[in-house]
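Q: Hey, can you walk me through this one? I'd like to get the helices and pockets straight.

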Amino acid sequence: MYVQELIKRGKLDLVTSYILLYENSQNPYEMRKRSVSEFIKNNSKEHVDYDKAGEIELKVKEIMATGVKVKDAHHVACAIAASCDYLLTTDKRLLQYKTDEIELLNPVDFIERLEVN
């Protein structure tokens, strides 16, 4: 919630992507789905759209070659394509992926990093 509040106040930029919208569309909980859609609509500073998927595919394959699942690889590749500094996730398996192109952090570690800087 703290990260969301920082995004709403313009302290952090939210980058969204076609894979995020797709995953949200699959959410079986209608209220959560609407809430996420509304947050994205009102707060996204940049969006990596599906029309860029072709150019992202090479990066997706490279990431998947390390054992990352296809949807997660799309999240990472989209974040890299948008030149994001961080990708926040609670997926412990995805957090094991390391690259010099972006830093993957869980939200708690990200907040701690913000407070130190």
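What follows is a chat about helices, pockets and two single residues.

Q: What kind of model is this?
A: It's a predicted model, where local features need pLDDT of at least 70, side-chain atom pairs count only at pLDDT 80 or more, and totals for chains, interfaces and linings use all residues. Residues are numbered from 1 along each chain as its sequence is written, and side-chain values use heavy atoms, with hydrogens and water left out.

Q: Ok, helix α3 then. How does the span between its end C-alpha atoms fit with its 14 residues?
A: α3 covers residues 30–43, and at 1.5 Å a residue it should span 20 Å (the expected span is 1.5 Å times one less than the number of residues). The end C-alpha atoms are 20 Å apart, so that agrees. Helices here are DSSP runs of H or I with at least four residues, strands are runs of E with at least two, and both are numbered from the N terminus.

Q: Which residues of α3 are buried?
A: Lys 33, Phe 39, Ile 40 and Asn 43. Buried means under 20% relative accessible area, exposed means over 50%, and partly exposed is in between (1.4 Å probe, protein chains only). Those four cover an arc of only 130° around the axis, which puts them on the same side of α3. The arc is taken from the directions from the helix axis to the C-beta atoms.

Q: And what's on the other side of α3?
A: Met 31, Arg 34, Lys 41 and Asn 42 are exposed there.

Q: What covers the buried residues of α3?
A: The cover includes α1 (2–8), β1 (14–17), α2 (18–25) and β2 (44–48). Contact means heavy atoms within 4.5 Å.

Q: Now α4. Which of its residues are buried?
A: In α4 (residues 53–64), the buried ones are Ala 53, Ile 56, Lys 59, Val 60 and Ile 63. They fall within an arc of 115° seen down the axis, so they line one face of the helix. They pack against α2, β2 and α5, while Gly 54, Glu 55, Leu 58 and Lys 61 are exposed on the other side.

Q: Switching topic: what volume does the largest pocket have?
A: About 1500 Å³. Of the 38 residues lining that pocket, Leu 14, Val 15, Leu 20, Leu 87 and Leu 88 are the closest to its centre. A pocket is an open set of points on a 1 Å grid over the protein atoms alone, where a 1.4 Å probe fits, with protein on both sides within 12 Å along at least five of seven lines; lining residues have an atom within 4 Å of a point. The volume is the space filled by probe spheres set on the points, which are joined across faces, edges and corners.

Q: Which element gives the most to that lining?
A: α1, with 5 residues. By class, the lining has 22 nonpolar, 8 polar and 8 charged residues. Ala, Val, Leu, Ile, Met, Phe, Trp, Tyr, Cys and Pro count as nonpolar, Asp, Glu, Lys and Arg as charged, and the others, Gly among them, as polar.

Q: And the second largest pocket, what's its volume?
A: About 160 Å³. Its lining divides into 3 nonpolar, 3 polar and 4 charged residues, including Thr 66, Asp 72 and Tyr 97.

Q: Last bit: is Ser 17 buried or exposed?
A: Ser 17, in strand β1, is buried, with a relative accessible area of 6%. Leaving aside neighbours within four places in sequence, Ser 17 contacts His 47, Val 48, His 75 and Cys 78.

Q: What about Tyr 86, where is that found?
A: In strand β3. Tyr 86 is partly exposed, at 31% relative accessible area.
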